[in-house]
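Student: Hi, could you walk me through this structure? I'd like to ask things as I go.

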Amino acid sequence: GLDPAQPYFQDTPIEVRLDKSDAEFVDVIHTDTAPTIPNLGFGMAPAIGHLDFYPNGGREMPGCAKNPISQIVDLDGIWEGTRDFMACNHLRSYKYYSDSIVYNDGFLGYSCDSYDNFEAGSCFPCPAGGCPNMGHFADKFKGKTGNDFVKLYLNTADAKDFPLWRYKVTVTLSGNSKHSGYANVALYGSGGNTKQHEVIKGTLRPDNTYTSFIDAEINIGTVTKVKFLWNNNVINPSFPKLGAATITVQSGED
């Protein structure tokens, strides 16, 4: 189900809308579940399948808040851009599905009570049975769910290519004094390298340990190196120094 319709269908009997009783395996991608009034959501919010995926929380998709001109004059052309301007969140469902055909290891959905809990990391990493992949390869999870509805959360990029891979990064700082600023980490691995991702912002205290979740643009595979960079945003003639005593990287998949 690619963002099945909300208006006239949500909260109706199962005979007139998509439901898990319709097939041996029903998986759903929810991308536009805001209330019809006032936010004009086109897709229904309740879990209705064997697996219900809520990318980015299911309401507002990254990249859909661009200003109208930049969205209509899109890389995909004016026709595609105009359609996206009218129903960008709704149409993300088929774009995610299309990308999922190419990235058979992408779009891992984490079973969680809510998107807030997912963002906080309380549903990380995947359980022993693994996480299902949103989209084309979701049926690999067929038969692994019970009678309960399973809500799954993940994040996507704001433009094609959409899949992201989630990592937990824990950094213990070293140094002689605290500073205000931010710290970034880039991950290097057998599958490639990520860009820099911010893991700490605010007061940087030596010997303190900080945890952050990174949604990386590639599957880095086996970690080979981690690059650490910090900045205090001001010119300081004393050239203060901070380092990373330890950095731990955990893959959400395994």
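Tutor: We can go through the overall make-up, then the strands, then some single residues, keeping in mind that this is a predicted model.

Student: How many helices and strands are there in the chain?

Tutor: The chain holds four helices and 11 strands, and of its 254 residues 44% count as buried.

Student: And what about the surface, what supplies the area that the chain exposes?

Tutor: About 13,400 Å² is exposed by the chain, and 53% of that comes from carbon and sulfur atoms.

Student: What share of the contacts join residues at least 24 apart?

Tutor: If you take the contacts between residues at least 6 apart in sequence, 73% of them join residues at least 24 apart.

Student: Let's do strands. In what order do the four strands of the open sheet come?

Tutor: The order is S1-S2-S4-S3, with mixed pairing, and the sheet they form is an open one. Its edge strands are S1, covering 27-29, and S3, covering 110-111, each of which pairs on one side only.

Student: How many bridges join S3 to S4?

Tutor: Two bridges join S3 to S4, which spans residues 151-154, and these two strands run antiparallel. As an example of residues facing each other across that pair, Ser111 stands opposite Leu152 in S4.

Student: Is strand S5 mostly buried or exposed?

Tutor: S5 runs over residues 165-175, and eight of its 11 residues are buried, so the strand is largely enclosed by the rest of the structure.

Student: Which strands is S5 joined to, then?

Tutor: Eight bridges join S5 to S9, residues 209-216, in an antiparallel arrangement, and nine bridges join S5 to S11, residues 242-251, again antiparallel. Thr172 shows both pairings, since its bridge partner in S9 is Thr209, while in S11 it stands opposite Thr246.

Student: Switching topic: where is Gly109 found?

Tutor: Gly109 is in the loop between helix H3, which covers 78-102, and strand S3. Its relative accessible area is 0%, and because buried means under 20%, Gly109 counts as buried.

Student: What does Gly109 touch, leaving out residues up to four places away in sequence?

Tutor: On that basis Gly109 touches Phe53, Cys131, Pro132, Leu152, Tyr153 and Leu154. For Leu152, the C-alpha atoms of the two residues are separated by 4.9 Å, although Gly109 and Leu152 are 43 residues apart along the chain.

Student: OK, charges now. How many salt bridges does the count come to?

Tutor: The count comes to six salt bridges. One of them joins the side chains of Arg17 and Asp19, with 3.6 Å from N to O, and both Arg17 and Asp19 are buried.

Student: What does Asp99 form a salt bridge with?

Tutor: Asp99 forms a salt bridge with Lys160, and their closest N and O atoms are 2.3 Å apart. Asp99 lies in helix H3 whereas Lys160 lies in the loop between S4 and S5, so the pair ties together parts that are 61 residues apart in sequence.

Student: Are those two residues buried or exposed?

Tutor: They fall on opposite sides of that divide: Asp99 is buried at 1% relative accessibility, and Lys160 is exposed with a relative accessible area of 59%.

Student: And which residue does Arg166 form a salt bridge with?

Tutor: Its partner is Glu119, with the closest N and O atoms 4.0 Å apart. This pair also links distant parts of the chain, because Arg166 is in strand S5 and Glu119 is in helix H4, residues 115-120, with their positions 47 residues apart. Arg166 counts as buried at 7% relative accessibility, and Glu119 counts as partly exposed at 38%.

Student: Which residues do salt bridges that share partners join into one network?

Tutor: That network is made up of Asp99, Lys160 and Asp161.

Student: Last one: what is the nearest side chain of opposite charge to Asp32?

Tutor: It is Arg59, which is 8.3 Å away, and Asp32 is buried yet has no salt bridge. Asp32 is found in the loop between S1 and helix H1, the latter covering 36-39, and a polar atom of the Asp32 side chain lies 3.1 Å from the backbone nitrogen of Phe42.

Technical notes: Residues numbered from 1 in each chain as written. Predicted model: local features only at pLDDT ≥ 70, side-chain atom pairs only at ≥ 80, totals over all residues. Heavy atoms only, no water. Pairing = 2+ DSSP bridges. Buried < 20%, exposed > 50% of the residue type's maximum accessible area, 1.4 Å probe, protein only. Contact = heavy atoms within 4.5 Å. Areas by Shrake-Rupley, 256 points an atom, 1.4 Å probe, with all protein chains shown as cover. Lys, Arg positive; Asp, Glu negative; His and termini not counted. Polar contact = N/O pair within 3.5 Å; in protein donor to acceptor, adjacent residues only side chain to side chain.
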